[in-house]
Amino acid sequence: MTDNLSVIKLENICLSYSGTDTKVLDHLNLEINKGDRIGLMAPNGSGKTTLLHTIMGLCKPEAGTIKIFGKVLENEKDFLPIRSKIGLLFQDSDDQLFCPTVLDDVAFGPLNLGFSRQDAIDRSRKILEKLGIQIFEQSITHRLSGGQKRLVALASVLAMEPEVLLLDEPTAGLDTKVKKKLKDILNSLDISYFVISHEFDFISQVTDKVYSMENGKILTDEEIHIHHHEHVHKHGKHPHIHK
Ligand SMILES: Nc1ncnc2c1ncn2[C@@H]1O[C@H](COP(=O)(O)OP(=O)(O)O)[C@@H](O)[C@H]1O
Ligand SMILES: [Mg+2]
């Protein structure tokens, strides 16, 4: 990346799933810049996962522009090289992990990037250690608990040394201990990230601004005001007074 601060820029993205008329993303705009730590809180079904998959080129919008590191991406060939630079932590860890052992899963990405077997293993061990899960190195991935799998999935993403992380509900189903660990890991990273969560406590501790999503569009923090104990509502667009 040169002087350009823009990491991800979506402009007027429209997307409907085939066979439906509903626009899941409707002229959506989003910008993630270098150093940003942004949270996204929005109800189920509002299109959050679709948005992340669109950034990765896994869902194809029918209109709009996707710019990553300042370059417009259109087809699979354009998206391939950026998939190692943008790490997506899937909503379901089982979608991310497919190798027999933890070490194989974490080393898969670096091996794919062209690292030698030994370098991929060294790199993977380093990241497993950083996440405090090196004891699971030889464990059978699918036998791990949900929380352990989430950390292994995160290790497999971080092993690619991405420049930005997209996390799709990383705290879902985690106990307090793993949640705290995830919080500490995120706060120790020096890369940009965009994290979806329903948990305000978590999101407010790992991000600098929180967006929402409604009618296929992003509402930035100038447009919403999140109330910890009550509800999310538009602030700027529909101003009102609280008692
Ligand atoms: N593969 C698909 N085919 C058809 N509809 C889908 C598909 N994936 C998601 N949807 C629909 O698109 C909408 C947004 O889904 P999603 O992006 O998963 O929302 P969220 O992550 O915010 O819960 C929902 O109404 C969902 O049912
Ligand atoms: Mg989702």
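Here are some exercises with worked solutions on a predicted model of a single protein chain.

**Exercise 1. Get your bearings: how many helices and strands are there in the chain, and what share of its residues counts as buried?**

Step 1. Start with the secondary structure: the chain has seven helices and 12 strands.

Step 2. Turn to burial. The chain has 243 residues, and 49% of them count as buried.

Step 3. Finish with the contacts. Take those between residues at least 6 apart in sequence: 63% of them join residues at least 24 apart.

**Exercise 2. Describe helix H5 and find out which elements its buried residues pack against.**

Step 1. Check the length. H5 covers residues 146-158, which is 13 residues. From first C-alpha to last it reaches 18 Å, close to the 18 Å expected at 1.5 Å a residue.

Step 2. Look at burial, where a residue needs under 20% relative accessible area to count as buried. In H5, 11 of the 13 residues are buried, so the helix is largely enclosed by the rest of the structure.

Step 3. Name some of them. Among the buried residues are Gly147, Leu151, Val152, Leu154 and Val157, and also the charged-type names Lys149 and Arg150.

Step 4. List the neighbours. The buried residues of H5 pack against two strands, E6 (86-89) and E7 (164-168), and against the helices H3 (102-112), H4 (117-130) and H6 (176-188).

**Exercise 3. Work out how H5 and H6 are arranged: are they roughly parallel or roughly antiparallel?**

Step 1. Take the geometry. The axes of H5 and H6 come within 10 Å and cross at roughly 15 degrees.

Step 2. Apply the cut-off: angles under 35 degrees count as roughly parallel. H5 is therefore roughly parallel to H6.

Step 3. Add the hand, which is left-handed for this crossing.

Step 4. Find the residues that make the contact. H5 contributes Gly147, Leu151 and Leu154, while H6 contributes Val178, Lys181, Leu182 and Ile185.

Step 5. Consider the spacing of such residues. An α-helix has 3.6 residues a turn, so residues three or four places apart point the same way.

**Exercise 4. Trace the salt bridges: which residues do shared partners join into one network?**

Step 1. Recall the principle. Side chains of opposite charge can pair when their charged atoms come close. The structure holds 12 salt bridges.

Step 2. Begin with Lys60, which pairs with Glu76 at 3.9 Å between the closest N and O atoms. The two residues are 16 apart and link distant parts of the chain: Lys60 sits in the loop between helix H1 (48-55) and strand E4 (63-68), and Glu76 in helix H2 (residues 76-79).

Step 3. Follow Glu76 onward. Its side chain also meets that of Arg83 in a salt bridge, 2.9 Å from N to O.

Step 4. Check accessibility. Lys60 is partly exposed at 46%, Glu76 is partly exposed at 38%, and Arg83 is partly exposed at 22%.

Step 5. Look at another pair, Asp104 and Arg117, whose side chains meet at 3.6 Å, N to O. Asp104 belongs to helix H3 and Arg117 to helix H4, so this salt bridge ties together parts that are 13 residues apart in sequence. Asp104 is partly exposed at 27%, and so is Arg117 at 46%.

Step 6. Put the network together: salt bridges with shared partners join Lys60, Glu76 and Arg83.

**Exercise 5. Compare the settings of three residues, His53, Ile127 and Glu161: is Glu161 buried or exposed?**

Step 1. Take His53, which is in helix H1. With 19% relative accessibility, His53 counts as buried. Leaving out residues up to four places away in sequence, His53 touches Leu58, Cys59, Leu88 and Phe90.

Step 2. Move to Ile127 in helix H4. Ile127 is buried, at 12% relative accessible area. Beyond four places in sequence, its contacts are Val106, Ala155, Leu158 and Ala159. The C-alpha atoms of Ile127 and Val157 are 9.9 Å apart, although 30 residues separate the two along the chain.

Step 3. End with Glu161, in the loop between H5 and E7. Glu161 is exposed, with a relative accessible area of 55%. Its phi is positive, about 50 degrees, although Glu161 is not a glycine.

Definitions and conventions. Residues are numbered from 1 along each chain as its sequence is written. Chains are lettered from A and ligands numbered from 1 in the order in which they are written. This is a predicted model: local features need pLDDT of at least 70, side-chain atom pairs count only at pLDDT 80 or more; totals for chains, interfaces and linings use all residues. Side-chain values use heavy atoms; hydrogens and water are left out. Helices (H or I, at least four residues) and strands (E, at least two) are DSSP runs, numbered from the N terminus. The expected span of a helix is 1.5 Å times one less than its number of residues. Buried means under 20% relative accessible area, exposed over 50%, partly exposed in between (1.4 Å probe, protein chains only). Contact means heavy atoms within 4.5 Å. A salt bridge is a side-chain nitrogen of Lys or Arg within 4 Å of a carboxyl oxygen of Asp or Glu. Axes are lines fitted to C-alpha atoms, for helices over the stretch in contact, and angles run from 0 to 180 degrees between N-to-C directions. Angles under 35 degrees count as roughly parallel, over 145 as roughly antiparallel, 65 to 115 as roughly perpendicular and the rest as oblique. A crossing is left-handed if the near helix is turned anticlockwise from the far one by less than a right angle, and right-handed if clockwise.
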